[in-house]
Amino acid sequence: MIEIGVFIGTVIGVLILGLVVGFFASRWFFKRQLQKNPPINENMIRAMFMQMGVKASEARIRAVMNSMKKNQ
């Protein structure tokens, strides 16, 4: 029969290993998602306005950025 100390040590070891692997896996996944879908910046807003055929002023671009930050 397995000793209780060995069993508890194994369970704790597996939990610690799972936490470490989970941390690095989630970090890798988050970095990959940021590369595929970067956060919106002012240049992207300018490009969006240009695609719509509108010349946006700096005040309007800042207003859009502020409203997006507020909604997050």
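In this predicted model, helix α2 (residues 42–51) and helix α3 (residues 58–71) cross at roughly 115 degrees, with their axes coming within 10 Å. The crossing of the two helices is right-handed. On the α2 side, the residues in contact are Glu-42, Ile-45, Arg-46 and Phe-49, and these meet Glu-58, Arg-60, Ile-61, Arg-62, Val-64, Met-65 and Met-68 of α3. Sorted by class, this contact between α2 and α3 holds 6 nonpolar and 5 charged residues, with no polar ones.

Some of these names return in the interior. Ile-45, Phe-49, Ala-56, Ile-61 and Met-65 form the largest nonpolar core, a set of 5 residues. Both α2 and α3 give two or more residues to this core. Ile-45 is a good residue to follow here: leaving aside residues up to four places away in sequence, Ile-45 touches Ile-40, Ile-61, Val-64, Met-65 and Met-68.

The two ends of α2 deserve a look as well. Ahead of the helix, Asn-41 lies in the loop between α1 (4–36) and α2. A side-chain oxygen of Asn-41 comes to within 3.3 Å of the backbone nitrogen of Asn-43 at the start of α2, and the side chain of Asn-41 also reaches the backbone nitrogen of Met-44, at 3.0 Å. Asn-41 counts as partly exposed because its relative accessible area is 35%, a value that falls between the 20% limit for buried and the 50% limit for exposed residues. Looking back along the chain, Val-14 is 27 residues away from Asn-41, and the C-alpha atoms of the two are separated by 42 Å. Just after α2, Gly-53 adopts a positive phi of about 85 degrees.

Methods:
Residues numbered from 1 in each chain as written. Predicted model: local features only at pLDDT ≥ 70, side-chain atom pairs only at ≥ 80, totals over all residues. Heavy atoms only, no water. Axes fitted to C-alpha atoms, helices over the stretch in contact; angles between N-to-C directions. Helix = DSSP H or I, 4+ residues; strand = E, 2+ residues; numbered from the N terminus. Left-handed = near helix turned anticlockwise from the far one by under 90°. Contact = heavy atoms within 4.5 Å. Nonpolar A, V, L, I, M, F, W, Y, C, P; charged D, E, K, R; others polar. Core = buried A, V, L, I, M, F, W, Y, C linked by side-chain atoms within 4.5 Å. Buried < 20%, exposed > 50% of the residue type's maximum accessible area, 1.4 Å probe, protein only. Polar contact = N/O pair within 3.5 Å; in protein donor to acceptor, adjacent residues only side chain to side chain.
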